[in-house]
Amino acid sequence: MLLNWTVMILYNYFSAMFVGPGYVPLGWTPEKSQDCMYLQYCKVCQSYKAPRSHHCRKCNRCVMKMDHHCPWINNCCGYQNHASFTLFLLLAPLGCIHASFIFVMTMYTQLYNRISFGWSSVKIDMSAAKRDPRPIIPFGLSAFAASLFALGLALGTTIAVGMLFIIQMKVILTNKTSIESWIEEKAKDRIQYYQTGETFIFPYDMGSKWKNFKQVFTWSGIPEGDGLDWPVRDGCHQYSLTIEQLKQKADKRVRSVRYQAVEDYSGVCCPVTKGVGTFFTTPCTEEPRIALSKGDLILATRGLKHWMYGEKILDSAADGGIRERGWFPRKCVEKCQYDSEADQPVDGEKKNR
């Protein structure tokens, strides 16, 4: 049974790793040229971003139905490998639960066979079993320590990976990805902030958990569709989500604030010379840091107490269109007083409403 768990776990793990999420073809454009106005353009891939696709900085490609980039499979979780990745998250805890049961019963029986009850004390002799002098596998103090350590790893894996499985199933049953859940939350926030009276409906939720489930899990193992065109629920447009993304992008530009660097910053994760608060409150995220030189201009879009996130304003002709975005210490910059958008709040420092 343990061998069966191992084979299934490794099969889905390597399938998620080597099959990959599926990438938008380089230079891709929609069939109808007028649909380009609803899509974002990726300068790196030199193509439009298909619906539900996002550019991954680690893979350096636009990924179809991107959920997230997973360092444990060294690949993105997306359209083609979402089912394999989720099955791996299910089978790994089940195999660990089985292993935990074996470890617990082994240690219980071995300790029970080595315990001695006296009038005034209880002693455990790990040198030999009292009731079974010829065990199939020798079990001494080192084996007990190894079994206890393995039990801790199995229980830890069950809890950690099991929580990831629950999160993945929640988004699958609503036919979303983790990124799309975040986009939906920002859509509600944008509508509430500007009081536009709009109603955003997620277009890819089929209204049935079973139909959403079948979008990812199929008997053939090949997901439905081609990863570029997706069925939408009644009353929604094929590009409803991409239109909302364009609105959020425009909103980000409006609410961004221009800053100028007053100190140099090397781009290290935990800078020692920028203060104790900056050192201990570094953002716990895979997003990069950007190096700053005195005089650099940055367009900040998010802010924490000691850190800010933004994009360095570069000469597009000189840098070839490459964008530098990431976190930098708030201590290293100051707001440009001459900027026309100086009175706009940084995203993340929203007014109470």
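Two strands count as paired if DSSP finds at least two bridges between them; strands (E, at least two residues) and helices (H or I, at least four) are DSSP runs, numbered from the N terminus. The model is predicted, so local features need pLDDT of at least 70 and side-chain atom pairs count only at pLDDT 80 or more, while totals for chains, interfaces and linings use all residues. Residues are numbered from 1 along each chain as its sequence is written, and side-chain values use heavy atoms, without hydrogens and water.

**View 1. Strands 10 and 11.** Strand 10 (residues 297-303) pairs with strand 11 (residues 307-312) in the antiparallel sense, over five bridges. Ala-300 stands opposite Gly-310 in strand 11.

**View 2. The open five-stranded sheet.** The strand order is 12-11-10-9-13, with antiparallel pairing. Strand 12 (325-329) and strand 13 (333-335) are at the edges with a single partner strand each, so one side of each has no neighbour in the sheet. Neighbouring strands are turned against each other by 45 degrees on average, direction ignored (axes are lines fitted to C-alpha atoms).

**View 3. Annotated transmembrane regions.** The unreviewed UniProt entry places the feature "transmembrane region" at residues 6-24, 87-108 and 136-167; such annotations may be inferred rather than shown by experiment. Residues 6-24 are 74% helix and 0% strand, with end C-alpha atoms 33 Å apart. Residues 87-108 are 100% helix and 0% strand, and their end C-alpha atoms lie 32 Å apart.

Methods. Axes are lines fitted to C-alpha atoms, for helices over the stretch in contact, and angles run from 0 to 180 degrees between N-to-C directions.
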